[in-house]
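Could you walk me through this protein structure in a friendly way? I would like to follow a few helices, a ligand site and some individual residues.

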Amino acid sequence: MSKFAAAVLNRKGGVGKTTVAVILAEIALVRHNRVLAIDLDPSRNFSDALGFMKNYFRSSLRVKNTLEESDADAPEEWIVIDCPPTLNEESKYAVDFADIVVVPVRPDFFSLSNLGVLYSTAKKFGKEKAQLPLVKVGYDSSVMTKIANQLISERDYPVAEELPLHKHIPYNITSGRVWSTGLIARSRQPYERLYDKLMKAVDRLQNGITDINEVWTDRKEEESDEDI
Ligand SMILES: Nc1ncnc2c1ncn2[C@@H]1O[C@H](COP(=O)(O)OP(=O)(O)O)[C@@H](O)[C@H]1O
Ligand SMILES: [Mg+2]
């Protein structure tokens with residue numbers, strides 16, 4: 001894979017879009033990818049959170065506020081697009097542009113109720129359902145989580161990863177620290193796993209695989225079995 005574009009979108013605000021976008025951008029930088037970060041939300045939270053990082057990482061980070069056709073030819077290996085909580089023209093273009101649209105969802109009805117329109121819009125751009133995986137944020141043992149999980153499986157939505165809530169994350173991201181500061185390895189893992197799964201999924205999608213389970217199931221064990 002030479003180049004990868006991920007958009008982060010949900011028509012609901014406060015579900016963790018910007019946080020996921022920041023963390024993915026940081027992991028990409030840590031792994032020595034050049035990153036083009038595109039902040040389409042007028043709140044500019046994504047640009048603000050990334051502001052300090054230009055000097056922190058050796059890999060290059062470029063931040064801009066518009067998404068253009070020519071960005072497809074950008075020199076960066078990784079493009080991360082943070083969308084506003086609306087399906088406006090810019091967000092729609094991000095859906096069209098991105099290889100994968102990451103859709104953060106909290107365990108509440110409103111962060112799930114708008115998904116139908118998102119998937120039907122994506123379909124108009126020729127996107128497969130497997131290209132819009134949900135990322136569950138803060139799913140726990142509550143009744144709301146149970147209801148949300150039921151809804152997700154009834155509608156057969158793809159799920160890329162579950163991310164835990166962590167009290168350090170809002171602090172680190174808004175105070176301009178590296179997001180993983182103070183997080184133990186076990187807390188960081190789900191985010192790194194999400195990054196790795198995105199890389200594997202885009203490979204499978206490029207090979208014409210569109211089955212949700214095939215794209216999003218971690219086949220590491222099967223693969224290592226074959227290696228033996
Ligand atoms: N994994 C997480 N753990 C703890 N707090 C989180 C996490 N993800 C997001 N938050 C917090 O939830 C709030 C909304 O997150 P944000 O990323 O700004 O959402 P959005 O971009 O969808 O509006 C912020 O205060 C953020 O710090
Ligand atoms: Mg945001």
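Here is a short tour of the helices, the ligand surroundings and a handful of loop residues.

Keep in mind from the start that this is a predicted model.

**Two helices that cross**

Let's begin with α9, which covers residues 185-206. Its 22 residues should span 32 Å at 1.5 Å a residue, and because the end C-alpha atoms are 31 Å apart, the expectation and the model agree. Within α9, the residues Tyr191, Leu194, Leu198 and Ala201 are buried. Several elements cover these buried residues, including the strands β1 (4-8), β5 (100-105), β6 (134-137) and β7 (159-163). The helices α1 (17-30) and α10 (212-216) are also part of that cover.

Now turn to α1. This helix has 14 residues, which should span 20 Å at 1.5 Å a residue, and its end C-alpha atoms are indeed 20 Å apart. Of those 14 residues, 13 are buried, so α1 is largely enclosed by the rest of the structure.

How do α1 and α9 sit relative to each other, and at what angle do they cross? Their axes come within 10 Å and cross at roughly 75°. The two helices are therefore roughly perpendicular to each other. On the α1 side of the contact you will find Ile23, Leu24 and Ile27, and these meet Tyr191, Glu192 and Tyr195 of α9. Sorted by class, this contact has 5 nonpolar residues, no polar ones and 1 charged one. Notice that Tyr191 takes part in this contact and is also one of the buried residues of α9.

A third helix, α7, runs over residues 143-154. Its 12 residues reach 17 Å from the first C-alpha to the last, close to the 16 Å expected at 1.5 Å a residue.

**Around the ligand**

Which residues come nearest to ligand 1? Among the 15 residues around ligand 1, the nearest are Gly16, Lys17, Thr18, Thr19 and Pro170. The elements that contribute two or more residues to this shell are α1 and α8 (168-174). By class, the shell has 7 nonpolar, 7 polar and 1 charged residues. This brings us back to α1, a helix that gives residues to the ligand shell and also crosses α9.

**Positive phi angles**

Next, a look at the backbone. Most residues other than glycine have a negative phi. The table collects some residues with a positive phi.

| Residue | Place | Phi |
|---|---|---|
| Histidine 32 | just after α1 | about 65° |
| Aspartate 156 | just after α7 | about 55° |
| Glycine 208 | just after α9 | about 85° |

Aspartate 156 is worth a second look, as its positive phi occurs in a residue other than glycine. Aspartate 156 lies in the loop between α7 and β7, and it is exposed, with 9 other C-beta atoms within 10 Å.

Arginine 44 is not a glycine either, yet it has a positive phi of about 55°. Arginine 44 is found in the loop between β2 (35-39) and α2 (45-50). With 15 other C-beta atoms within 10 Å, arginine 44 is partly exposed.

**More residues in loops**

Is aspartate 41 buried or exposed? Aspartate 41 has 22 C-beta neighbours inside 10 Å, and because a residue with 20 or more counts as buried, aspartate 41 is buried. Its place is in the loop between β2 and α2. Leaving aside neighbours within four places in sequence, aspartate 41 is in contact with Phe46, Asp82, Cys83 and Pro84. As for leucine 194, its C-alpha is 23 Å from that of aspartate 41, and the two are 153 residues apart along the chain.

Arginine 58 sits in the loop between α3 (53-56) and β3 (61-64). With 7 C-beta neighbours inside 10 Å, arginine 58 counts as exposed. From C-alpha to C-alpha, arginine 58 and arginine 34 are 9.2 Å apart in space, while 24 residues separate them in sequence.

Finally, arginine 177 belongs to the loop between α8 and α9. Arginine 177 is partly exposed, with 15 other C-beta atoms within 10 Å. Arginine 177 and serine 120 are 57 residues apart in sequence, and their C-alpha atoms are 38 Å apart in space.

Key:
Residues numbered from 1 in each chain as written. Chains lettered and ligands numbered in written order. Predicted model: local features only at pLDDT ≥ 70, side-chain atom pairs only at ≥ 80, totals over all residues. Helix = DSSP H or I, 4+ residues; strand = E, 2+ residues; numbered from the N terminus. Expected span 1.5 Å × (residues − 1). Buried ≥ 20, exposed ≤ 12 C-beta atoms within 10 Å, placed from the backbone. Contact = placed C-beta atoms within 7 Å. Near = placed C-beta within 6 Å. Nonpolar A, V, L, I, M, F, W, Y, C, P; charged D, E, K, R; others polar. Axes fitted to C-alpha atoms, helices over the stretch in contact; angles between N-to-C directions. Parallel < 35°, antiparallel > 145°, perpendicular 65-115°, else oblique.
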